[in-house]
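Q: Could you take me on a close look at one charged side chain, and then at the helix that follows? I'd like to see how the pieces sit together.

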Amino acid sequence: MAFVKYFAILALFFATALCPACSGNANSSANSKAPANANQATANVNAVRSDAGELGVLVNVPYDTEDIVWKEYPSQKRILAVLRFSPADSSKLVAEAEKIKPSETISISSETWFPPELTAQGEMTGEDSLTGRAYPANQFYQEPYSNGRIVRVDNTDYFVLDLTAK
């Protein structure tokens with residue numbers, strides 16, 4: 001009988017000692033997950049995206065794209081996108097843009113997240129830059145993004161869209 005009393009007291013002691021330890025671990029693990037989730041949310045803001053529908057909510061995309069990658073820079077109120085259109089749609093896009101303003105030859109920096117064809121073309125120049133013809137991007141404007149240009153990369157159907165909010 002003394003053994004049962006001793007065992008009951010010992011079990012009660014360990015149960016009360018371990019309960020706070022269990023709840024402390026749950027809180028500390030929840031707290032340790034919060035910064036990881038916050039970092040993940042921050043990373044998602046800077047993530048490269050490839051959803052045309054998602055971009056279409058922010059800017060007007062006048063033709064169906066064959067390839068698309070884009071990135072939003074909220075602190076700069078800027079969107080940078082690489083779009084590839086069919087040859088027919090590329091010609092239409094250029095013709096409509098030239099009605100607004102004649103094009104000009106420019107050089108732009110190639111980003112690491114650009115499609116491989118463009119990054120390879122940029123590396124061939126030795127300066128990680130792409131040359132192309134710049135056009136007004138009026139066809140893509142949608143509030144708040146109502147300022148910018150679109151550049152057709154030489155010898156491709158790729159366009160680099162660079163829009164900012166006023």
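A: Happy to; please keep in mind that this is a predicted model. Let's begin with R84, which counts as partly exposed because its relative accessibility is 28%, between the 20% and 50% cut-offs. R84 has a charged partner: it forms a salt bridge with E66, with the closest N and O atoms 3.7 Å apart. This pair links distant parts of the chain, since E66 belongs to the loop between α2 (52-58) and β1 (67-73), while R84 sits in strand β2, 18 residues apart. E66 is partly exposed too, with a relative accessible area of 46%. The pair is part of a count of six salt bridges.

Now to helix α3, residues 87-100. With 14 residues at 1.5 Å each, α3 should span 20 Å, and its end C-alpha atoms are 21 Å apart, which agrees. D89, S90, L93, V94 and A97 are the buried residues here. They cover an arc of only 135° around the axis, so they lie on the same side of α3. That buried set packs against β4 (129-136), β5 (145-153) and β6 (158-165).

S90 is a good place to zoom in. Its relative accessible area is 0%, so it is buried. Leaving aside residues up to four places away in sequence, S90 touches F85, R152, D157 and F159. Two of those neighbors also pair with one another: the side chains of D157 and R152 meet in a salt bridge, 2.6 Å from N to O. Elsewhere, salt bridges that share partners join R49, E54 and E72 into one network.

Back in α3, D89 forms a salt bridge with K92, 3.4 Å from N to O. K92 and D89 are three residues apart in the helix, about one turn. What sets the two apart is accessibility: D89 counts as buried because its value is 14%, whereas K92 is partly exposed at 41%.

Helix α4 (residues 116-124) makes a nice companion, with L118, T119 and G122 buried. These cover an arc of only 100° around the axis, which puts them on the same side of α4. The strands β2 (78-84), β4, β5 and β6 are among what covers them. On the face turned away from that buried side are the exposed residues P116, E123 and M124. After α4 comes G126, whose phi is positive, near 85°.

Key
Residues numbered from 1 in each chain as written. Predicted model: local features only at pLDDT ≥ 70, side-chain atom pairs only at ≥ 80, totals over all residues. Heavy atoms only, no water. Helix = DSSP H or I, 4+ residues; strand = E, 2+ residues; numbered from the N terminus. Buried < 20%, exposed > 50% of the residue type's maximum accessible area, 1.4 Å probe, protein only. Contact = heavy atoms within 4.5 Å. Expected span 1.5 Å × (residues − 1). Arc of directions from axis to C-beta. Salt bridge = Lys/Arg side-chain N within 4 Å of Asp/Glu carboxyl O.
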